Structures are given as structure tokens and as C-alpha cells.
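Dear colleague,

I am passing the structure below on to you, and the notes that follow it set out what was found. Please read them alongside the coordinates.

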Amino acid sequence: MLKKVPVQKAVGTRLAHDITEIRPGEFKGAAFKKGHTVCDDDICRLQKLGKNHLYLVDLEEDEIHENQAAKILANGLAGVGIDWQDDPKEGKITLHAAIDGIISINIASLAAFNMIDEVMCATQHNHSLVKKGDLVAATRAIPLVMKRAPIERAAMIAATGEGTIAVKPVKNIKAGLIITGSEVYNGLIKDGFAPLLSKKIEDFGSQILSVEYAPDDTKLIKQAIIRCLDSGCELILLTGGMSVDPDDVTRAGIRQAGAIEMHYGTAVLPGAMFLVAYINDIPLLGVPACGLHHKITVLDLVLPRIMAGEHIGKKELAFFGHGGLCMDCKECTYPHCPFGKGV
Amino acid sequence: MESFDTLVNEAARIHGHLCPGQVIGVRMSMLGCRLIGLDEPKCHDQIKKLIVYIEMDRCAGDAVAYVTGVKLGRRSLKFADYGIMAATFINLETNIAFRIVSTEEARALAPFYAPDIAGKSAQQLEAYKLMPDSVLFRVQEVIVKLKDHDMPGPTRKKVTCARCGQVVRDHREVIIDNNPVCRPCTDDAYFSDAREITWEHMDWVPNNKVNNFNTLLNNTTIKRS
């Protein structure tokens with residue numbers, strides 16, 4: 001229960017919550033912390049902050065303070081790879097990455113959590129790459145004092161399964177590159193893919209185990225894939241031969257190498273002719289020609305998730321559609337743009 | 001208790017179709033029975049321990065009745081016509097009661113839990129299987145003051161309507177001018193303008209060798225006086 005008292009009569013009482021001060025463009029934070037004992041000298045400053053009354057808190061048995069609530073909520077929300085401190089600022093607790101990795105948000109649980117009255121949690125986008133210590137999410141209870149039961153229910157919803165907010169580590173893996181195309185294989189044109197894809201892989205701390213070149217020949221592409229698998233590649237990237245020409249036989253090569261699950265086509269531009277296949281749980285990614293011409297493509301959306309151990313199937317590729325349209329900006333600001341953020 | 005899938009399939013068969021209400025009703029009943037500590041509510045030793053108040057005459061109500069085994073005629077099923085997707089499960093032995101309310105937010109959240117299912121009903125059906133109880137339901141511990149004449153068992157009291165002579169059971173009469181009156185004789189009945197009729201073949205009794213139900217069905221003239 002909250003009791004409203006004039007500031008002049010609040011001397012000697014303890015503040016029920018942080019009192020925020022905002023100096024535009026200069027400062028936003030707690031001018032007074034919760035628990036501070038109000039003294040005569042504080043009256044003038046409190047009035048300058050627009051506080052003519054303060055709340056005295058007298059909690060009923062079934063009520064809790066916003067700081068207690070924030071702790072319960074954070075505890076429910078935080079899954080693996082998340083660090084947080086029981087040190088609410090203005091009633092809010094922030095959740096941070098405990099490791100380098102990609103953010104994994106259970107969007108359904110997050111929505112269900114936020115449907116509960118008087119609680120909130122805001123997060124970064126799902127699948128965003130983060131470094132240890134980066135801010136991932138923040139939560140708070142909205143009122144100063146509230147009933148305990150809905151707070152605990154919200155925390156239970158958030159804690160369902162593996163928790164609502166997690167950071168998955170991006171594993172260091174060994175990858176193989178297979179550059180297909182008779183024009184490259186025969187030296188008619190210079191390959192641009194190998195250095196470009198190698199850098200993308202190595203930027204994640206992973207290594208390129210082998211780079212193979214194959215002409216537009218189904219059998220030879222199949223053999224190159226099998227050699228990669230035999231050498232211990234945990235991921236295989238194939239370029240070229242993903243389009244609709246009669247010489248585009250990479251898909252057939254992947255199929256003949258033993259791919260059971262194969263998804264050709266994604267709801268992403270650039271990257272419509274991208275391919276994901278699996279042979280014995282080893283992912284094979286078919287990178288179409290757009291990978292040469294665009295700095296960022298569907299590959300950049302899929303790669304971190306593959307390296308974090310996610311299985312990318314038909315559903316995941318389809319869900320890229322919302323937000324999967326690159327605006328081809330003159331100056332690319334990815335990942336600080338909407339591309340790929342709709343899932 | 002049987003598995004969720006078995007209960008849903010059988011509830012759907014008895015109700016007539018599989019729908020989101022069957023999933024809600026089955027899960028509501030499973031949770032209700034769990035909370036009041038009855039694992040086999042249809043078994044002989046538990047069937048008399050349970051009363052369920054159902055607050056909606058919707059699909060889910062049939063699933064609740066099926067899973068719990070409560071029945072109108074046993075007086076273990078009570079219908080409170082509130083229009084709320086809720087049911088209260090009472091353990092008569094321990095006198096513990098929980099009211100389980102199906103949340104409105106679960107409907108709004110269905111697209112998040114089953115984003116790959118098209119169509120509102122199919123999406124809700126799948127989503128309600130995936131949502132945790134904490135999302136599907138809110139639960140209140142409640143006190144239900146059951147009157148003796150609402151309990152299962154023999155009729156507690158019979159009175160005769162002072163206006164029409166109808167026998168009224170279990171305190172359902174209305175007292176007007178110190179006299180018991182049946183509900184139809186008040187202005188508070190669900191029907192009006194009642195008048196008695198006669199009909200052809202009024203002498204019919206079961207196992208009639210000449211006229212069975214089907215031969216009479218299209219051959220019964222109603223006589224209004």
C-alpha cells in the first residue's frame with residue numbers, strides 16, 4: 001500500500017524508490033537512491049525535481065516492491081549465457097551476455113511474459129551477435145508496489161523450457177570450401193569466392209580446413225563433398241551452380257553425395273537461390289552468385305546460427321521472409337539495420 | 001490419468017469434433033485434478049470426491065465433463081452460466097477448490113506459439129498444446145459453500161407448488177406469500193405460454209411390436225386443444 005505525504009513532512013523517512021533526475025543531453029539517473037533517508041537539505045532539491053509529495057510504502061502481505069519484483073522477473077527470464085546483478089536502477093534490471101555468442105530469444109515466451117499486466121521486458125533482436133558483457137535485455141515491474149502472484153506467474157512463464165533469454169556460444173568449427181564452375185576450374189576467370197568466404201568463416205574464429213575446386217560435373221562435385229566430409233569438415237560451403245542454367249549441377253552433386261534434407265531457395269534478397277542441405281548432421285550451404293556482389297546476404301544471417309549449433313530447416317528459411325529484404329543502401333550499416341531482424 | 005493425447009482424442013470423439021476447446025478443456029481438467037489431488041477422478045473411489053462448476057456452455061465444457069467424469073445427473077457437474085471460460089474443481093474430501101480461468105492472452109499468443117500453422121482454429125489448436133499452463137490459465141484458490149441440498153445423493157426435500165401442484169425437489173421452489181411456488185409459475189421461467197397437448201399414439205410403450213420409433217417419427221399428429 002502506498003501513502004502519499006508532502007515532501008516537507010517526509011524528513012526522516014526512507015525513500016521507497018529511486019528518484020530520477022533528467023538533465024537533457026547531460027544526465028539521466030538516480031538523484032536519490034531507494035532507501036535514502038530524507039533530510040532537511042533534500043527538500044529543495046526534491047522540489048526542483050518536481051517532487052512535492054513522496055510515497056511511503058507499507059507493504060501488505062501479498063505485495064512486493066518493484067525492486068523485489070525486478071529480481072524475480074530477471075531470475076525467470078535469464079537462461080544460459082546470461083549474467084545479471086541484483087542491483088536494480090530505477091526499478092530496472094539489465095541482463096548481459098556472459099559469453100560471446102548469438103542471442104536466443106524465445107519470442108513466444110517473451111510475448112506471453114509481456115502480456116502479463118505490470119511487467120515488461122525489452123530485448124535486442126533474436127540471433128544478434130554479442131560479445132561478453134553486452135546488454136541483451138532489460139526488465140522491470142511497472143508500478144512501485146504490486147501483488148506478488150502475477151509477478152511470480154510472469155517469472156514462471158519466462159522460465160519455461162530453457163528460459164526466455166539466452167546467449168548461445170558460436171563454436172569454432174572446421175569448414176571446407178568447394179568452389180564449383182568450369183570457368184573457374186579451367187582458369188578462364190579468377191575465383192573471388194574463396195578469399196571472401198574464408199574471411200567470413202575466420203571472422204568467427206573458425207578455420208578453413210580445405211578449399212576444393214570442381215568443374216560443373218555432378219560426379220566430381222560429389223567426390224569433392226565426400227573428401228571434405230572424410231577430412232573432418234563440420235561445415236561445407238559450396239559456391240556456383242546454384243542457378244537455373246543447364247550447367248548448374250551443384251545441387252545434383254550435393255544430392256548424390258548423400259544429402260537427405262535439402263532446402264533450395266530462401267525468402268531473402270539477396271540470397272533467393274541459397275541452399276541448405278545436411279549429410280549426417282553436417283550442414284552444407286550453397287552460396288549463389290549474389291554472395292560475390294553483395295557485402296551481406298542470407299549467408300550472413302544463416303552462418304552464425306549454424307555455428308551456434310542451430311538446425312536450419314525449411315521453417316527457419318521461410319521465416320527469414322519478414323525483414324529479409326536488403327535495401328541495398330549506399331553505405332551498408334549491417335548489423336545496425338533491419339535486414340534479417342524479423343525472425 | 002490417461003495421457004493428454006488419449007484424453008484429447010476421446011474428448012473430441014465424444015464432443016463430435018477436435019477443436020481448440022477440447023485442448024483447453026482437457027488441459028484445464030488435468031490441471032484442476034492435479035491441484036486438488038485426484039489422479040483418477042472417474043474411478044469408483046474418487047468419483048464421489050469431485051464436484052466441478054463449469055462456467056461456459058462451450059466446447060471446452062464437454063471436455064471437462066469427459067476428463068473428470070462429472071455428470072449433471074450425478075450432481076457432480078454444476079453449470080454456472082457466467083459466459084466465462086472457467087471451471088472450478090472441488091475436492092469434497094479435503095474441501096479444497098481451485099477456479100481455473102482460461103486466459104484471453106492465450107488467444108492473442110497463438111500466432112507466437114504456432115507461427116508455422118495457417119488458419120486461426122488450427123493455429124490455436126496447436127498453440128494450446130504447446131503453451132505452458134502458466135500462459136493458458138490463471139488459477140485462484142476459492143471457497144465454495146455447497147449447500148446440503150446441492151450435494152450428490154438422494155433428494156433432500158420435496159415440496160408441492162401451491163399454484164399448479166408440481167413437485168419441486170431440493171429447495172428449487174420460490175416462496176411467495178409464504179407458499180412454495182415452482183419456477184414456471186413465476187415470471188422467471190425460461191419458457192412462456194405453456195399449454196398442454198395430446199398426440200397420436202399416446203398409448204405407445206417401449207418394445208411395441210407394431211410401431212417402433214422410426215415408424216412413428218413421421219406419423220405423429222399433435223393435437224392442440
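In chain B, among the contacts with a separation of 6 or more, 56% are between residues 24 or more positions apart. Please bear in mind throughout that this is a predicted model, and that the values here are computed from it.

As to the overall form of chain B, its C-alpha trace spans about 60 × 45 × 35 Å along the principal axes, and its radius of gyration is 22 Å, where a compact globule of 225 residues would have one near 17 Å. Of the 225 residues in this chain, 30% count as buried, and its secondary structure consists of seven helices and 11 strands.

The domain assignment splits chain B into three parts, with domain 1 covering 4–150, domain 2 covering 154–194 and domain 3 covering 195–225. Between the centres of domain 1 of chain B and domain 3 of chain B, taken over C-alpha atoms, the separation is 40 Å.

Turning to the interface, nine residues of chain B are in contact with 10 residues of chain A. On the chain B side, the elements that contribute two or more residues are helix H4 (105–113) and helix H6 (133–136), and H4(B) supplies the largest share, with five residues. By residue class, that side of chain B is made up of six nonpolar residues, one polar residue and two charged residues. Both of these helices carry numbers that fall within the range given for domain 1 of chain B, 4–150.

With best regards

Terms used: Residues numbered from 1 in each chain as written. Chains lettered and ligands numbered in written order. Predicted model: local features only at pLDDT ≥ 70, side-chain atom pairs only at ≥ 80, totals over all residues. Domains from an automatic or database assignment. Contact = placed C-beta atoms within 7 Å. Helix = DSSP H or I, 4+ residues; strand = E, 2+ residues; numbered from the N terminus. Nonpolar A, V, L, I, M, F, W, Y, C, P; charged D, E, K, R; others polar. Rg over C-alpha atoms; globule rule 2.2 N^0.38 Å. Buried ≥ 20, exposed ≤ 12 C-beta atoms within 10 Å, placed from the backbone.
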